[in-house]
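Subject: Handing over the model

Hi there,

Here is the structure I promised to send over. Have a look at it first, and then read on for my notes on what turned up.

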Amino acid sequence: MHLTEKRIGFIGTGKMGESLIRGILASHSEITLNASDVYKPALERLNNELGINVSTDNTETIGDSDVVVLAVKPQILKGVLAAIKDSITADKLVISIAAGVPVAAIEDELNEGTRVVRVMPNIAATVAEAASAVCAGTNATDEDMEIALEMFQSIGSAITIPEKLMDAVTGLSGSGPAYIFPVIEALADGAVYEGLDRANAITLAAQTVLGAAKMVLETGMHPGELKDMVTSPAGTTIRAIRTLEESGIRAAFMNAVIESSTRSKELGD
Ligand SMILES: NC(=O)C1=CN([C@@H]2O[C@H](COP(=O)(O)OP(=O)(O)OC[C@H]3O[C@@H](n4cnc5c(N)ncnc54)[C@H](OP(=O)(O)O)[C@@H]3O)[C@@H](O)[C@H]2O)C=CC1
Ligand SMILES: O=C(O)[C@@H]1CCC=N1
């Protein structure tokens, strides 16, 4: 069974729900997508722009779907699960993208035997470049994992991990785009300071980040080795590297990942 044979329902069409919907539709234009949310104008916009089925009634969306993606905030997930419990029948696969919330906490709120898969994607699903990690719940079958992996690989790359590493993934790739957007803005600011116009500065900064990322992924070389390839003796780059190191750039990014992971653990408590 392939993803395209499944009807997918989204509970919550906020930032991440919409990002997933757009990413999946871009690679599977024929797929049936259903979505519900409490905010009707957002649903109407999605219906108008993307032609997906929308409802303000979560149980209607679930009734029309084989796969149910939980895309509401972790803080309200328990209440949402209590309200939809009876519509999650045994034939449905539940996929949660909620940060921090363990599979066990979701299974506890649903009927015994419910098949749950937990995923941490990121906002780059919007442009089919998400980095996602997937783990199986107690009752998830091999086919459920295949469906989940097919879904998240269609909007970027997706790996399988043990659940205990989900908080680390949340700190790294779940939150990660938000660490890089200010980097792009700041790089552009530097060039604007030196006289470049804003639009060109942002384009060059973003393409620089994209190119560097692609080199890591496609050459398989260590990032340090790639950095050395740019850094000429007594050249321009090493002057910049020294100031970045003086600013504590490595500790800043390490601490960002660790802080986000810590918050993810708190959300699961
Ligand atoms: N944003 C991101 O980059 C990422 C988010 N996630 C996870 O995705 C989930 C969603 O996050 P995000 O999209 O940012 O949050 P948003 O607040 O943007 O989206 C959640 C949506 O759910 C709606 N909602 C609230 N109550 C209900 C309900 N009872 N039934 C249906 N919909 C409801 C909200 O409406 P209203 O605003 O009116 O309350 C909102 O539109 C979270 O669990 C988060 O941890 C995971 C990876 C990345
Ligand atoms: O900030 C958050 O809590 C969500 C989860 C990962 C990215 N955004």
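Let me start with isoleucine 95, which, leaving aside its neighbours within four places in sequence, is in contact with Val67, Val68, Val69, Leu70, Val117, Val119 and Ala148. Contact here is when the C-beta atoms of two residues, placed from the backbone, lie within 7 Å. Ile95 also turns up, with Val69 and Leu70, among the residues with the most contacts inside the largest nonpolar core, which has 55 residues. By such a core I mean a set of buried Ala, Val, Leu, Ile, Met, Phe, Trp, Tyr and Cys residues joined through C-beta atoms within 7 Å. The largest share of this core, five residues, comes from E7. Buried is used for a residue with 20 or more other C-beta atoms within 10 Å of its own, exposed for 12 or fewer, and partly exposed for anything in between, with C-beta atoms placed from the backbone.

Before going further, please keep in mind that this is a predicted model, in which local features need pLDDT of at least 70 and side-chain atom pairs count only at pLDDT 80 or more, while totals for chains, interfaces and linings use all residues. Residues are numbered from 1 along each chain as its sequence is written, and chains are lettered from A and ligands numbered from 1 in the order in which they are written.

Now the overall picture. The protein has 12 helices and eight strands; these are DSSP runs numbered from the N terminus, with helices (H or I) of at least four residues and strands (E) of at least two. Its C-alpha trace spans about 65 × 40 × 30 Å along the principal axes. Of the 269 residues in the protein, 34% are buried. Taking contacts between residues at least 6 apart in sequence, 67% join residues at least 24 apart.

How are the strands ordered in the open sheet? The order is E3-E2-E1-E4-E5-E6-E7-E8, with mixed pairing, where two strands pair if DSSP finds at least two bridges between them. Strand E3 (53-55) and strand E8 (156-160) stand at the edges with a single partner strand each, so one side of each has no neighbour in the sheet. Neighbouring strands are turned by 25° against each other on average, direction ignored.

Within this sheet, E1 (residues 7-11) and E2 (residues 32-36) run parallel and are joined by five bridges. Arginine 7 has threonine 32 in E2 as its bridge partner, and phenylalanine 10 stands opposite alanine 35 in E2. Four of the five residues of E1 are buried.

As for the helices, H6 (residues 142-153) lies across strand E4 (67-70), strand E5 (93-96), E6, E7 and E8, and runs at about 170° to E7. Helix H7 (residues 166-174) also packs on the sheet, where it touches E6 and E7, and its direction makes about 40° with that of E6. The axes behind these angles are lines fitted to C-alpha atoms, for helices over the stretch in contact, and angles run from 0 to 180 degrees between N-to-C directions.

There are two ligands to look at. Around ligand 1 there are 26 residues, of which Gly12, Gly14, Met16, Ala98 and Ala99 come nearest; a residue counts as near if its C-beta atom, placed from the backbone, lies within 6 Å. Helix H1 (15-27) and helix H4 (74-84) are the elements that give two or more residues to this shell. Ligand 2 is surrounded by Ala99, Thr170, Gly174 and Ser175.

Finally, a few loop residues. Threonine 126 lies between strand E6 (115-120) and strand E7 (130-136). Is Thr126 buried or exposed? Threonine 126 is buried, because 20 other C-beta atoms lie within 10 Å. Not counting residues up to four places away in sequence, Thr126 touches Ser19, Arg22 and Gly23. The C-alpha atoms of Thr126 and Ser19 are separated by 4.4 Å, although the two are 107 residues apart along the chain.

Alanine 128, in the loop between E6 and E7, has a positive phi of about 60° although it is not a glycine. Alanine 234 also has a positive phi, near 55°, and is found in the loop between helix H10 (223-230) and helix H11 (236-246). Ala234 is exposed, with 6 other C-beta atoms within 10 Å.

Happy browsing!
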